[in-house]
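Colleague: I should like to learn how to read the features of a structural model, one at a time. May we work through an example together?

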Amino acid sequence: MIAGHLAAPRRAGPWVGLAVSDLHLFRYRSRGEAVARQARERAGSCDFLVLNGDIFDFRWADRPDLPDVPAAEAAAVAWLAEFGAAVAPTLVLYVLGNHDGHAEFRHRLAREAAGIPNLRWFQAFVRVGSALFLHGDLPLTFPRRTPLERPPGRRPWRRGKAMRLWNMGIVYPFFGVLAPLVFPAAHASRRVFQVLRRHAPGVLPRVRDLCYGHIHHPFADLAVGKRRVHNSGAPLPGFRWKMVRVETAAGDWEGW
Ligand SMILES: [Mn+2]
């Protein structure tokens with residue numbers, strides 16, 4: 001577990017955080033760079049930025065200058081360094097997802113991202129005051145395991161061109177239409193809380209806002225009991241996205 005405390009809020013009042021997820025950078029037809037640009041522009045109006053998983057997509061990376069997964073991993077660290085410098089001194093909290101959470105990438109982050117002064121990264125979650133951020137794949141795909149730890153995961157193999165065209169050109173736009181039906185917002189959100197209650201009850205008492213991604217289906221201020229749930233969607237063809245904004249009256253953070 002690592003922990004810290006935010007600097008004093010920029011404006012009098014609560015701390016403000018902005019979260020985006022599922023940029024799937026390096027992937028065919030991702031509009032993630034446009035989202036990152038908006039995040040950079042808005043960084044001066046918030047106290048922390050959360051990159052909430054699947055920021056990079058190593059399986060579907062297809063930039064010609066990234067011939068293999070290790071090259072994409074190195075480019076990801078360089079991207080984080082540049083993003084961090086552009087938004088400094090705003091703190092960047094990067095939570096890994098299922099497309100950017102494999103063990104080799106984590107080792108590389110441990111070695112090479114330590115020098116980015118305003119970046120902290122987390123394998124599974126970070127809580128900032130009363131707001132909990134996690135990517136969403138762990139509780140939704142593996143409800144029998146704790147969602148606060150990410151299994152090592154194998155380095156993804158890069159898919160070939162035919163598979164990419166089929167997947168990105170045909171399957172995914174179709175999924176975009178289906179996403180709200182496959183993962184209805186309220187159902188998925190209740191599921192995440194169920195899994196947290198079962199495996200990680202200690203983290204819940206502080207939580208008033210839950211932010212996740214993964215289902216590629218954006219929504220904000222969905223009430224589940226006395227808590228609010230937000231999802232940042234995905235800037236991919238066929239899907240919608242939204243920058244999630246949360247406030248917290250406490251500035252302590254912890255995550256893993
Ligand atoms: Mn995901």
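**Reading the model**

Modeller: Let us begin with a single residue: Glu33 is found in helix α1. Please keep in mind throughout that the model is predicted.

Colleague: Is Glu33 buried, partly exposed or exposed?

Modeller: Burial is read from the relative accessible area, and buried means under 20%, exposed over 50%. Glu33 has a relative accessible area of 32%, so it is partly exposed.

Colleague: Which residues does Glu33 touch, beyond those up to four places away in sequence?

Modeller: With those neighbours set aside, Glu33 touches Leu25 and Trp79. For distance along the chain against distance in space, take Glu33 and Ala61: they are 28 residues apart along the chain, and their C-alpha atoms are separated by 14 Å.

Colleague: Which residues of helix α1 are buried?

Modeller: In α1, which spans residues 32–42, Gly32, Val35, Ala36 and Ala39 are buried. They cover an arc of only 100° around the axis, and therefore lie on the same side of α1.

Colleague: What do the buried residues of α1 pack against?

Modeller: Their packing partners are β2 (15–20), β3 and α2.

Colleague: Let us turn to the metal. Which residues coordinate the manganese ion?

Modeller: For a metal site, one asks which atoms serve as donors and where they lie along the chain. Here the manganese ion is coordinated by OD of Asp54, OD1 of Asn98, NE2 of His135 and ND1 of His214, at 2.0 to 2.4 Å. Along the chain, these donors follow the spacing D-x43-N-x36-H-x78-H. Asp54 lies in the loop between β3 (48–52) and α2 (69–87), and His214 in the loop between β8 (209–212) and β9 (219–224), so this pair ties together parts that are 160 residues apart in sequence.

Colleague: Are Asp54 and His214 buried or exposed?

Modeller: Asp54 counts as buried because its relative accessibility is 1%. His214 counts as buried too, with a relative accessibility of 17%.

Colleague: What should I look for in the backbone?

Modeller: Most residues other than glycine have a negative phi, and most peptide bonds are trans. Departures from either pattern are worth listing.

Colleague: What is the phi of Asp54?

Modeller: Asp54 has a positive phi of about 55°, although it is not a glycine. His24 is another non-glycine residue with a positive value, its phi being near 45°. His24 is found in the loop between β2 and α1, and with a relative accessible area of 1% it is buried.

Colleague: Which residues does a cis peptide bond join?

Modeller: A cis peptide bond joins Ala88 and Pro89, with omega at about 10°. Pro89 has its place in the loop between α2 and β4, and Ala88 is found in that loop between α2 and β4 (91–95). At 44% relative accessibility, Ala88 counts as partly exposed.

Colleague: How far apart are the C-alpha atoms of Ala88 and Ala179?

Modeller: Ala88 and Ala179 are 91 residues apart along the chain, and 35 Å separates their C-alpha atoms. Consider next Trp157 and Pro67, which are 90 residues apart along the chain: their C-alpha atoms are separated by 12 Å.

Colleague: Where is Trp157 found, and what is it in contact with?

Modeller: Trp157 is found in the loop between α4 and α5 (161–182). Its relative accessible area is 53%, so Trp157 is exposed. Leaving aside neighbours within four places in sequence, Trp157 is in contact with Arg59 and Met163.

Colleague: Finally, how does one read a pocket? What is the volume of the largest pocket?

Modeller: A pocket may be described by its volume and by the residues that line it. The largest pocket has a volume of about 440 Å³. It is lined by 23 residues, of which Arg59, Asn98, His99, Arg150 and Gly153 lie nearest its centre. One of these, Asn98, also coordinates the manganese ion through OD1.

Colleague: Which helix gives the most to the lining of the largest pocket, and how many residues of each class are in that lining?

Modeller: Helix α4, residues 137–141, gives the most, with 3 residues. By class, the lining of the largest pocket has 9 charged, 8 polar and 6 nonpolar residues.

Conventions. Residues are numbered from 1 along each chain as its sequence is written. This is a predicted model: local features need pLDDT of at least 70, side-chain atom pairs count only at pLDDT 80 or more; totals for chains, interfaces and linings use all residues. Side-chain values use heavy atoms; hydrogens and water are left out. Donors are N, O and S atoms within 2.8 Å of the metal (3.2 Å for Na, K and Ca); water is not among the atoms, so sites may look incomplete. Helices (H or I, at least four residues) and strands (E, at least two) are DSSP runs, numbered from the N terminus. Buried means under 20% relative accessible area, exposed over 50%, partly exposed in between (1.4 Å probe, protein chains only). The arc is that of the directions from the helix axis to the C-beta atoms. Contact means heavy atoms within 4.5 Å. On a 1 Å grid over the protein atoms alone, a cavity is a set of points where a 1.4 Å probe fits but cannot get out, and a pocket is an open set with protein on both sides within 12 Å along at least five of seven lines; lining residues have an atom within 4 Å of a point. Grid points are joined across faces, edges and corners, and a volume is the space filled by probe spheres set on the points. Ala, Val, Leu, Ile, Met, Phe, Trp, Tyr, Cys and Pro count as nonpolar, Asp, Glu, Lys and Arg as charged, and the others, Gly among them, as polar.
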